[in-house]
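Me: I'd like to learn how to read a model like this one, feature by feature. Could you walk me through it?

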Protein chains: 2
Amino acid sequence: MARPRQFDETAVLDAAIQCFWAKGFEATSVRDLADEMGITGASLYNAFGDKRALYRRALDQYVAGSLGERVSRLANTQPPREVIGAFFHEIIACSLSDKQRKGCMLVNSALELAPHDREFQRVVAGVLVEAEKFFRRLVQAGQKDGTISTSQPADDLARILLGVLLAIRVLARVRPERELLEGMARAVLALLDCELVA
Amino acid sequence: MARPRQFDETAVLDAAIQCFWAKGFEATSVRDLADEMGITGASLYNAFGDKRALYRRALDQYVAGSLGERVSRLANTQPPREVIGAFFHEIIACSLSDKQRKGCMLVNSALELAPHDREFQRVVAGVLVEAEKFFRRLVQAGQKDGTISTSQPADDLARILLGVLLAIRVLARVRPERELLEGMARAVLALLDCELVA
DNA sequence: GTCATTCTAAAGCGGTCGTTCTAAAACGCA
DNA sequence: TGCGTTTTAGAACGACCGCTTTAGAATGAC
């Protein structure tokens, strides 16, 4: 019984993602956002509450569309060891091809917002826990069928896979060098195929 | 032949470091800085130029006092493999003991400033290259005397050591859990003691 | 068609931003 | 002691911040 919304929420959120992703939370003004989203400031506040809540919505949509999409697409399509390799291959490819060097919006949020904001800490930590679980499931499956080394506990292997994932996302923003990123991935993947000597 | 400066430059820069480190560049106002440094805004601009130049000076002093100090203190005091272990032990300890979860100011700069500012990109990348070289020298020395595995090239081992270092600094800001950080360090250190199977 | 409701556009709110200006106080040197 | 310079403190600058208000256009229910 009133005038319906004139814009597509998912589409304008995608525009907000581009702003926040490229410039961060603090450096993005509400006017920047409204311009890029193609709506007015009043519509923005009416639809999303405030700048922080908009960022929250944008981050959710970003995570669902990048990490979430990638995980659900790759899982169960190949043997675990190959899934892990393909995952890192994709991350490196998209990190190197982004000429803006935006990095990963989740990692950016982890450093800019999470340390000062309990809710964002909870959200970001939760996603990172899910990523860690994703790796752990793959490692456990690979260890079970003998395609991944058991010389390290699955927990530790999952942790370092998560770590190298984050490191690639950080390093790509400052030193977007293929050899560097691929060298890191090579080393961590080699760990999956290793045996302890002593 | 004029009035000398009333404050100690190193001391006020330490105060600026605290501000920028805890809140980042954008979220720190010049008034915050002047208050914490105990000088007026005019003195700040007179002595350092502008906000960005002050950040630059603060970052230089931070790097010299943290990474630089640590590298020169640990290098050549123990066998290479032990130096690497001690390095990660220190990083984890100081990451977990910081209740503000400020992380590493260099890593914070890598994400907030470097992607949009050529000079900061150059500076941050340069420090990261030095850290990578530090690791590479240690790995090469260890491989030479047989205390570090040669199943991976020294270049790749140095790269993943750098990566895990960054990852610890990022993760500690969101998930400051000892088991997580130590598990990552354990796994990467195990790689130094590994042999390829296949 | 009427009305209540919710939308859009644009101006405007108080506040804070980075930075500079004004003026007086503090020094080194003659 | 007086001069030239540089420091201070504090007010002030225009610009922009996040956000709200106002006014009017567009809609669905009756």
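## Reading the model, step by step

Reply: Sure. Keep in mind from the start that this is a predicted model. In the surface near DNA strand D, α3(B) gives the most, with four residues.

Me: Which other elements each supply at least two residues of that surface near DNA strand D?

Reply: From chain A, α2 (30-37) and α3 (41-48) do so, along with α3 (41-48) of chain B. In total, 24 residues surround DNA strand D, and the closest are A:Ser29, A:Lys51, B:Ala2, B:Ala42 and B:Ser43. By class, the surface near DNA strand D has 11 nonpolar, seven polar and six charged residues.

Me: Let's back up to a single chain. How many helices and strands are there in chain A?

Reply: Nine helices and one strand. Read from the N terminus, the order is α-α-α-α-α-α-α-α-α-β. The C-alpha trace of chain A spans about 70 × 40 × 30 Å along its principal axes. Of the 198 residues in chain A, 45% are buried. As for the contacts in chain A with a separation of 6 or more, 63% are between residues 24 or more positions apart.

Me: And the domains of chain A: where does the assignment put them?

Reply: Domain 1 covers 1-60 and domain 2 covers 75-198. Their C-alpha centres lie 30 Å apart. The contact between them takes seven residues from domain 1 of chain A and seven from domain 2 of chain A. On the domain 1 side, helix α1 (residues 9-23) of chain A gives the most, with four residues. That side divides into six nonpolar residues, one polar and no charged.

Me: How do I read the way two copies of a chain are arranged?

Reply: The general idea is that two copies of a chain are related by a rotation about an axis and a shift along it. Here, a turn of 180° and a shift of 0.0 Å along the axis lay chain B on chain A with an RMSD of 0.0 Å. The two copies are therefore related as by a two-fold rotation axis.

Me: What about the interface itself?

Reply: The size of an interface is often given as the accessible area lost when the parts come together. For this pair we can go by residues: 46 residues of chain B are in contact with 46 residues of chain A. On the chain B side, the elements that give two or more residues are α6 (105-112), α7 (118-144), α8, α9 (178-192) and β1 (194-196). Of these, α8(B) gives the most, with 13 residues. By class, this side of chain B has 27 nonpolar, eight polar and 11 charged residues. And 100% of the interface residues of chain B are also interface residues in chain A, so the copies meet through the same surface.

Me: Which residues touch the most other members of the largest nonpolar core?

Reply: A:Val164 and B:Val164, in a core of 134 residues. Helix α8 (residues 154-174) of chain B has the largest share of this core, 14 residues. Leaving out residues up to four places away in sequence, A:Val164 touches A:Met184, A:Ala185 and A:Val188 in its own chain, and B:Ile160, B:Gly163 and B:Ala167 across in chain B.

Me: Now some single residues. Is A:Gln121 buried or exposed?

Reply: A:Gln121 counts as buried because 20 C-beta neighbours lie inside 10 Å, and 20 or more is the cut-off for that. A:Gln121 sits in helix α7 (residues 118-144) of chain A. Beyond residues up to four places away in sequence, A:Gln121 touches A:Ala114 and B:Val174.

For contrast, look at A:Ala42 in helix α3 of chain A. A:Ala42 is exposed, with 9 other C-beta atoms within 10 Å.

Me: Last one: which residues other than glycine should I check for a positive phi?

Reply: Try A:Arg101, which has a positive phi of about 50° although it is not a glycine. A:Arg101 is in the loop between α5 (80-97) and α6 (105-112) of chain A, and counts as partly exposed with 16 C-beta neighbours inside 10 Å. Then go to B:Asn76, where phi is positive too, near 70°. B:Asn76 is in the loop between α4 (51-74) and α5 (80-97) of chain B. With 10 C-beta neighbours inside 10 Å, B:Asn76 counts as exposed.

Key
Residues are numbered from 1 along each chain as its sequence is written. Chains are lettered from A and ligands numbered from 1 in the order in which they are written. This is a predicted model: local features need pLDDT of at least 70, side-chain atom pairs count only at pLDDT 80 or more; totals for chains, interfaces and linings use all residues. A residue is near a molecule or strand if its C-beta atom, placed from the backbone, lies within 6 Å of it. Ala, Val, Leu, Ile, Met, Phe, Trp, Tyr, Cys and Pro count as nonpolar, Asp, Glu, Lys and Arg as charged, and the others, Gly among them, as polar. Domain bounds come from an automatic or database domain assignment. Two residues are in contact if their C-beta atoms, placed from the backbone, lie within 7 Å. A nonpolar core is a set of buried Ala, Val, Leu, Ile, Met, Phe, Trp, Tyr and Cys residues joined through C-beta atoms within 7 Å. A residue is buried if 20 or more other C-beta atoms lie within 10 Å of its own, exposed if 12 or fewer, and partly exposed in between; C-beta atoms are placed from the backbone. Copies are superposed by least squares on the C-alpha atoms of residues with pLDDT of at least 70 in both.
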